[in-house]
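Colleague: Could you take a close look at the salt bridges in this model for me, and then at how the neighbouring helices meet? I'm new to this, so please go step by step.

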Amino acid sequence: MEAIRIMISNPRPALVVLVAVPCLTTIIWWTISYLAFPLRKYPGPFRADWTNWWRFFLVRSGSYHLAIKKLHDNRGPVVRIGPNTLDIDYPELSKTFYGTDGKWKKTEFYQNNSAIVNG
């Protein structure tokens, strides 16, 4: 019962724990995920390692295509543009990536653009 009176009379330690523990857990989780992630080896802007927001703001400003061109000019044909996204500048691979033979798995976006013949 004494512990309850202490917590009620001074709620600050409990508040610190309620705020600090989730914040520290999140920072530790992000750091471990970043260090263990296989796409980390590809070059790209530092912000792209953590979030897609920088790309969102580039698209909104209308300068996305210029930034991607500059990234490829400075860092090579494969650059990381998001936490889970690579941009590949190999025009000869476009038929391989975008082919319909089923070798590369496509998202639902491409299924909506596909014509169905005979069922």
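Modeller: Here is a walk through the charged pairs, followed by one helix contact. Keep in mind that this is a predicted model.

Let's start with the count: there are 2 salt bridges. One of them joins the side chains of R80 and D49, with N and O 3.5 Å apart. That fits the rule, because the cut-off for such a pair is 4 Å. Now see where the partners sit: R80 belongs to strand β1 (residues 78–82) and D49 to helix α3 (residues 46–50), so this pair ties together parts that lie 31 residues apart in sequence. Both R80 and D49 are buried, too.

The other pair is D73 with K69, where the closest N and O atoms are 3.1 Å apart. Here the partners share helix α5 (residues 64–75), and being 4 residues apart there puts about one helical turn between D73 and K69. As for D73, its relative accessible area is 53%, so it counts as exposed.

While we're on α5, look at how it meets helix α4 (residues 53–61): their axes come within 7 Å and cross at roughly 125°. That angle is why α4 and α5 are called oblique to each other. On the α4 side, the contact is made by W54, R55, L58 and V59, while α5 brings Y64, A67 and L71. Sort those contact residues by type and you get 6 nonpolar, no polar and 1 charged.

How values were computed:
Residues numbered from 1 in each chain as written. Predicted model: local features only at pLDDT ≥ 70, side-chain atom pairs only at ≥ 80, totals over all residues. Heavy atoms only, no water. Helix = DSSP H or I, 4+ residues; strand = E, 2+ residues; numbered from the N terminus. Buried < 20%, exposed > 50% of the residue type's maximum accessible area, 1.4 Å probe, protein only. Axes fitted to C-alpha atoms, helices over the stretch in contact; angles between N-to-C directions. Parallel < 35°, antiparallel > 145°, perpendicular 65-115°, else oblique. Contact = heavy atoms within 4.5 Å. Nonpolar A, V, L, I, M, F, W, Y, C, P; charged D, E, K, R; others polar.
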